[in-house]
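Notebook open, model loaded. I want to go through burial, ring pairs, cysteines and the surface, and jot down what I find.

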Amino acid sequence: MATHSGNWPTGTPCWVECAYEEEHRGLHHAKDFYGRLFGWHVLDGSSEYGDYSICLKDEQPAAAITTTSTENQPTIWTTYLAADDVDAVAARVQGAGGQVLAGPQDVGASGRGALCTDPTGAVFSLWQGREHSGFGITNEPGTVAWHTLLTRDLAAAKKFYADVFGYTYINETEYGVVAEIDGNPVCGIHLAEELPDDVNASWMTHFGVVDRDSSAQLAQELEGFIMMTFDGPMGPEAIIQAKHGEIFGLVQLPE
């Protein structure tokens, strides 16, 4: 079991959450969908923080679902990047051509965060953990296994994340790279020229599964939509759109 305790190194994807509109405040469908798809045990959250519900896998924090905080906020999986000092990293985001949309601000005793965009338009959050450090389990079936930034401007994205987080790059091609921190792969950056004009650059969350085909079929039975299946560098993958619009990946983990 790939468990983790304590804060993650700065720049490492350390958490994901998906927010739903007010009409889905009970989050019943999301809890049922992901609970059945990934075997999550969802802890009901406090209304003080938008019904923020922690999703546990093997009793370790794996992700969160919550309600939207602003009008017309899209239903998407948001990637959090760890920061040892949110205020300092947020300043670097602005200095490197990104924007800070909200914060930095404290979230109770859990930690301190900020919502940002990179210069190519992809939204992400920063997180400085206190009581909540982020993922307690990864790279296991039913947990987050990888993160990919989909962007129309690969060069600009590479420069931004190198300037802000110190990313270095391996496996470079004209279509993408793997980003590393201190020699450890943390995410991919992919040139997504096929994105429609009305779709922003974005971070995609990939969840590990035992079998790509059976998990994709289950997602479809739970009112999700299989957008595509393919064999990628990580193994068999699928792209799924859930009932309320959020898109995520499935990747079959090695035995």
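**Burial, before anything else.** I call a residue buried when its relative accessible area is under 20%, exposed when it is over 50%, and partly exposed in between. Cys55 has 1% relative accessibility, so I log it as buried. One reminder to myself: this is a predicted model.

**Overall shape.** I counted four helices and 16 strands in the protein chain. The C-alpha atoms fill a box of roughly 45 × 40 × 40 Å along the principal axes. For 255 residues I'd expect a compact globule to have a radius of gyration near 18 Å, and the chain's 17 Å agrees with that. I also checked how much of the chain is covered: 50% of the 255 residues count as buried.

**Cysteines.** How many disulfides are there? I get zero. The cut-off here is 2.5 Å between two cysteine sulfur atoms. Cys14 is in no disulfide, and its nearest cysteine sulfur, on Cys116, sits 12 Å away. Cys14 is buried, since its relative accessibility is 1%. Back to Cys55: for this one the nearest cysteine sulfur belongs to Cys18, at 9.7 Å, and Cys55 is in no disulfide either.

**Aromatic pairs.** I found 24 of them in the structure. I looked up two in detail.

The first pair I opened was Phe33 with Phe248, which is edge-to-face, with 6.3 Å centre to centre and 75° between the planes. Phe33 is in helix H1 (residues 28–38) and Phe248 is in strand S16 (residues 247–252), so this pair ties together parts 215 residues apart in sequence. Are these two rings buried or exposed? Phe33 is buried, at 1% relative accessibility, and Phe248 is buried too, at 0%.

Next I took Phe124 with Phe165, another edge-to-face pair: 6.4 Å between centres, 70° between planes. Phe124 belongs to strand S8 (residues 123–129) and Phe165 to helix H3 (residues 154–165), so here the parts tied together are 41 residues apart in sequence. Phe124 has a relative accessible area of 0% and is buried. Phe165 is at 8%, which still counts as buried.

**Ring cluster and H1.** Which residues do ring pairs link to Phe33 and Phe248 in a cluster? I noted Tyr34, Phe38, Trp40, Trp77 and Phe207. Then I went along H1 for its buried residues: Ala30, Lys31, Phe33, Tyr34, Gly35, Leu37 and Phe38. Lys31 caught my eye in that list, as a lysine among the buried residues of H1. Gly39 follows H1, and its phi is positive, near 75°.

**Surface.** Last stop, the nonpolar patch. Phe225, Met227, Met228, Phe230 and Ile247 form it, and together they have about 440 Å² of accessible area. Which strand gives the most to the patch? Strand S14 (residues 225–232) does, with four residues. I picked Met227, in strand S14, for a closer look. Its relative accessibility is 38%, so Met227 goes down as partly exposed. Ile247, also in the patch, falls within the residue range of S16, 247–252. That is the strand that holds Phe248, whose ring I logged above as buried at 0%.

Note on methods
Residues are numbered from 1 along each chain as its sequence is written. This is a predicted model: local features need pLDDT of at least 70, side-chain atom pairs count only at pLDDT 80 or more; totals for chains, interfaces and linings use all residues. Side-chain values use heavy atoms; hydrogens and water are left out. Patches are made of residues with over 30% relative accessible area and no salt bridge: like charges are joined within 9 Å, nonpolar side chains (Val, Leu, Ile, Met, Phe, Trp, Tyr) within 5 Å. Accessible areas come from the Shrake-Rupley method with a 1.4 Å probe; for residues, only the protein chains shown count as cover. A salt bridge is a side-chain nitrogen of Lys or Arg within 4 Å of a carboxyl oxygen of Asp or Glu. Helices (H or I, at least four residues) and strands (E, at least two) are DSSP runs, numbered from the N terminus. Buried means under 20% relative accessible area, exposed over 50%, partly exposed in between (1.4 Å probe, protein chains only). Rings of Phe, Tyr and Trp (its six-membered ring) pair if their centres lie within 6.5 Å; planes under 30 degrees apart count as stacked, over 60 as edge-to-face and the rest as tilted. The radius of gyration is taken over C-alpha atoms; the globule rule is 2.2 Å times the number of residues to the power 0.38.
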